[in-house]
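I sat down with this structure and a notebook to see what I could look up. These are my entries, in the order I made them.

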Protein chains: 2
Amino acid sequence: MKFKARLPKEVEVLDSTLREGSQARGVSFDVQGKVRIALELDRLGVAFIEGGWPGSNPKDDEFFRVVREYSLEHAELVAFTSTRRKGVRAEDDPMLSKVLEAGTKWVTVFGKSWDLHVREVLRTSLEENLEMIYDTIRFFREHGIRVIFDAEHFFDGFRENREYALKVLETALEAGAERLVLADTNGGMLPHQVYAVVSEIVEKFGSRAVIGLHMHNDSGNAVANTLMGVLAGARHVQVTVNGIGERTGNADLCVVVPNLELKMNIRALRNPEGLRLLKRLSRLVYDLAGLEPNPYQPYVGDYAFAHKAGVHIDAVLKNPRAYEHIDPELVGNERRLTVSELSGAANLVAWAREELGLKLDKNDPAVRRALERIKRLEKEGYSFENAVATALLILLEELGLRGKPFEVRLWRVMSGGEEWGSAKSWAVVKLARGDREELAAGEGGGPVHAIDEALRGALSRLLPEAGDIRLIDYRVHLPIASKHTASEVRVEITFTDGKRTWTTTAISQNIIEASLKALVEGFEYHLLRRRLRGE
Amino acid sequence: MKFKARLPKEVEVLDSTLREGSQARGVSFDVQGKVRIALELDRLGVAFIEGGWPGSNPKDDEFFRVVREYSLEHAELVAFTSTRRKGVRAEDDPMLSKVLEAGTKWVTVFGKSWDLHVREVLRTSLEENLEMIYDTIRFFREHGIRVIFDAEHFFDGFRENREYALKVLETALEAGAERLVLADTNGGMLPHQVYAVVSEIVEKFGSRAVIGLHMHNDSGNAVANTLMGVLAGARHVQVTVNGIGERTGNADLCVVVPNLELKMNIRALRNPEGLRLLKRLSRLVYDLAGLEPNPYQPYVGDYAFAHKAGVHIDAVLKNPRAYEHIDPELVGNERRLTVSELSGAANLVAWAREELGLKLDKNDPAVRRALERIKRLEKEGYSFENAVATALLILLEELGLRGKPFEVRLWRVMSGGEEWGSAKSWAVVKLARGDREELAAGEGGGPVHAIDEALRGALSRLLPEAGDIRLIDYRVHLPIASKHTASEVRVEITFTDGKRTWTTTAISQNIIEASLKALVEGFEYHLLRRRLRGE
């Protein structure tokens, strides 16, 4: 048996990590984290970023407000919403107006395509459901917004009431939807079934709309179902980073995209270098979602190219193809034979070039020394996967290029409260630059806020050129297994000057100290970087 | 396009958890654990249990010695081994004699079918490799042992030197192998490619041997590739429980088997009730392997039938088919609804009974009021998924049963440092109980440690019966990080008295205040709980 050769040159990727991923149990994003993920997805080069469901919770509204301040290079932002409520006009449904406030050019409208859902969940007539779909899509088209229609439970509906499921698609198309997305919402389909159904839909509707796929993983086939759908003629794939989503999750961007690009020769990312950012993106999403990374994950997992059996290690050293289906560097991953390997130096050198414009040799003794320090710190609980700025400061120190622009001489923070909710903190910081000293105070709800204020106060007098640096993310991790109140904490802070972002990290038993150190390094890195690049 | 209808009534399952699974990074079984897993696999009803590689390590030899004492009902034990070494006779290869000592009726012999491996890894001639395969299989046949031949890297070999790959299968068949297993050892194949290759092999060899599949998961398609191979005519599938294996692992028994039985109507287990043991088996293997269970795993994961979004929960309560692809009980799993939603009242009432011995009605106005407060707090960033104790304190308050055993009157914390690493904190806490007040001090590396010490000091004098409570976990979350270092933090603390554990949570802009509140609630809950249960 042969598959019809319908392989396209490219497909468009809609990432729904920020919407569908938020529905995963155990996952909780904050607004800042959502913005960071959106920026990384744009850098990767996906076509659409589904950011949330306006009106469903304040966080999603806030996200659309905040993300507007950034200009995206590759991706379109998409808001997600349901069809209008039964029995009201689209213009009177407040949830739909919320989408207009979000200000995106695209909206995903999900509607019911399984009659069981219309009858038993919506509890309305099959006819009214079609009108809800039509009205909602028309409403957005009349406001100049382009529409992706997600046909919820399409595969179940098609099996049980084929005629109605087709009518749903026809209705969406007539109302002006430009994408018809077939969702396996219960995730129970198998690859050959998906291939058959999608083939038929592409035959019927493929000339009038782009056919898309939205696959859940309940049968363990979300990735395969997506690929088989593309083979059958779909041109739009909906995925989430690490496959996070309701229940068992969704088709994993980190697996679908490299399969398309590397194995099927189909372009999926608009940035030709995007694939190399894959492992980093995967890790970032795990971190911001509050999940442990899955080391066994295909392509991007820590063990994806880790060899354990002696015969495998021996063979891979003779020829990597012996036990590796792709070159791990293509997706930003690396081979692991035992514990820590030779590849760290290559990363560090690449970062120094990209971030600081320094051209270094992998075998430079300073690079080696920096790498040893980094590895030692990692054993103590540090993690540099995100915190490149801190790793580069260590490298600059080993290169003799870290002339400290300023130093912290002393800090004190007082905190206190009586009734719950009355807590306040006050901080004092003394900075020095050569002979000059500056003392400043800060006040805040918490101790870290107070010390941040004090540091900025002193810095603005000592080094006005530190300029307009904003924090876009502040996180606390407990790196080491014994998680008591006396544990060490690791702080990670992300900064921006409006053009670039950078992240520092520090560890201490004292959360205020760790925060202060990461703040100081963030300012220091910015100043050094500007000097090195002559900006 | 239609798939040829070659669907069989049944396939045979070979489980390789004990052999391939042992090669997974992070996995380590002991002999007793291997025996327990073998017995459970037999109960489930797999056809073959591949127990290990005799001679490769003492544990595997010991396993075959010990397991012989048990009589299995459904499964055949299989030893695993390589072809003979190059340049020696099969009868002179000590590894092959070890297999005879293992005393199994079946052996899996793996041999090279990719010419690249023969040349670059074995470093021998293509002809000698064929002889190694032939001699090894003949050797076992002459000792009355039946042979499963695993053609390593068959798919890569077939693509790059098709003629040779076919010669390998022909040789194994001529030597007396009864199963020809096509292995995707690098795991890089996609489902449509597997379907095409397996179809061809079944055409050529299917009448003379059972064709089998051994699929790795490097492209994220191990399950789909196995199913597509069965569709193409394979009748023997090799899997591991939870998919554990080299790198990204193998086709997961816990997903392949229910897909075959429930979705394709193909019998895979010899025990008709076996499927219901699936979740238990999955958990047992995680435990004995020393791995954390993956809650997102299809069919058997804790979240496989857990519903989080409000619309999903609402629908599932109307009709479970709305968001469940199968009845979870079929695989020994169960439905889970999250805390805060419609199910909240039922959960809260169940917790109150289980934890505090209180028998309440779901419609009790106090229960309703408590639930409303819980929902409001969740909107502010609280999460009660783990922190049941804090939810129950709210309920007790609404029931008029939260007579505070003590109160915090005042707290102060000072922190400071000069050099990095010199930070210290000192705390004062004043507690009150009726007219009595107690003031105590505490010192620590960080502010939370210091306040924890001060609280315990004051409490030990005020309420010695608070007794010997230990913290076993302390975590900080940033729930709504819109304000950076001024953000609110959520603290979650887990306590134990040696018999039970309980978890509290609190939010504040001030991490010290949030920690103190969660600590105070942990002690308070313990005291109230003991009183309510009359302990």
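What follows is what I found, topic by topic, in a model that is predicted.

**Entry 1: the domains of chain A**

I began with how chain A is split up. It has domain 1 (12–289), domain 2 (310–398) and domain 3 (407–532). I looked up the spacing of two of them: the C-alpha centres of domain 1 and domain 2 of chain A lie 36 Å apart. They do touch, with eleven residues of domain 1 in contact with seven residues of domain 2. Which elements give two or more residues to the domain 1 side of chain A? They are helix 10 and helix 11 of chain A. Helix 11 of chain A has the largest share, six residues. I sorted that side of domain 1 by class and got six nonpolar, five charged and no polar residues.

**Entry 2: helix 10 of chain A**

Helix 10 had turned up at that contact, and I wanted a better look. Helix 10 of chain A runs over residues 253–263, and nine of its eleven residues are buried. Among them are Leu253(A), Cys254(A), Pro258(A) and Glu261(A). What do the buried residues of helix 10 pack against? I noted strand 1 (12–15), helix 9 (222–231), strand 8 (236–239) and helix 11 (278–289), which belong to chain A.

I then picked out the pair with helix 9. Two packed helices are described by the angle between their axes and the distance between the axes. Here the axes of helix 9 and helix 10 of chain A come within 10 Å and cross at roughly 35°. The crossing is right-handed. From helix 9 of chain A, Val223(A), Thr226(A), Leu227(A) and Val230(A) take part, and they meet Val255(A), Val256(A), Asn259(A) and Leu260(A) of helix 10. By class, this contact holds six nonpolar residues, two polar and no charged.

**Entry 3: positive phi values**

I went hunting for odd backbone angles next. Most residues other than glycine have a negative phi, and most peptide bonds are trans. Just after helix 10 of chain A, Asn265(A) has a positive phi of about 60°. Arg247(A) is not a glycine either, yet its phi is positive, about 55°. I found Arg247(A) in the loop between strand 8 and helix 10 of chain A. Is Arg247(A) buried or exposed? Arg247(A) has 28 other C-beta atoms within 10 Å, so it is buried.

In chain B, I wrote down His153(B), where phi is positive and near 55°. His153(B) sits in the loop between strand 5 (146–152) and helix 6 (154–160) of chain B. His153(B) counts as buried because it has 26 C-beta neighbours inside 10 Å.

**Entry 4: where the two chains meet**

On to the contact between the chains. Chain A puts in 100 residues and chain B puts in 100 residues. Strand 9 (residues 407–417) of chain A gives the most to the chain A side, with nine residues. I split the chain A side by class: 39 nonpolar, 38 polar and 23 charged.

Strand 9 of chain A also pairs across the contact. Its partner is strand 11 (residues 407–417) of chain B, and the two are antiparallel, with seven bridges. I checked two bridges: Arg412(A) has Gly416(B) as its partner, and Gly416(A) has Arg412(B).

Strand 11 of chain B pairs within its own chain too. It runs antiparallel to strand 12 (residues 424–433) of chain B over nine bridges. One bridge there takes Glu407(B) to Ala432(B). These two strands of chain B form a hairpin with six residues between them, and Gly421(B) in the turn has a positive phi of about 95°.

**Entry 5: a three-stranded sheet in chain A**

Last, I traced an open sheet in chain A, with strand order 12-13-14 and antiparallel pairing. Strand 12 (470–477) and strand 14 (501–508) of chain A each have a single partner strand, so one side of each has no neighbour in the sheet. The twist averages 15° from one strand to the next. Between strand 12 and strand 13 (residues 489–496) of chain A I noted seven bridges, and one of the pairs is Tyr474(A) with Ile493(A). Helix 17 (residues 511–532) of chain A packs on the sheet and touches strand 12, strand 13 and strand 14. The direction of helix 17 of chain A makes about 145° with that of strand 14 of chain A.

Definitions and conventions. Residues numbered from 1 in each chain as written. Chains lettered and ligands numbered in written order. Predicted model: local features only at pLDDT ≥ 70, side-chain atom pairs only at ≥ 80, totals over all residues. Contact = placed C-beta atoms within 7 Å. Helix = DSSP H or I, 4+ residues; strand = E, 2+ residues; numbered from the N terminus. Nonpolar A, V, L, I, M, F, W, Y, C, P; charged D, E, K, R; others polar. Pairing = 2+ DSSP bridges. Buried ≥ 20, exposed ≤ 12 C-beta atoms within 10 Å, placed from the backbone. Domains from an automatic or database assignment. Axes fitted to C-alpha atoms, helices over the stretch in contact; angles between N-to-C directions. Left-handed = near helix turned anticlockwise from the far one by under 90°.
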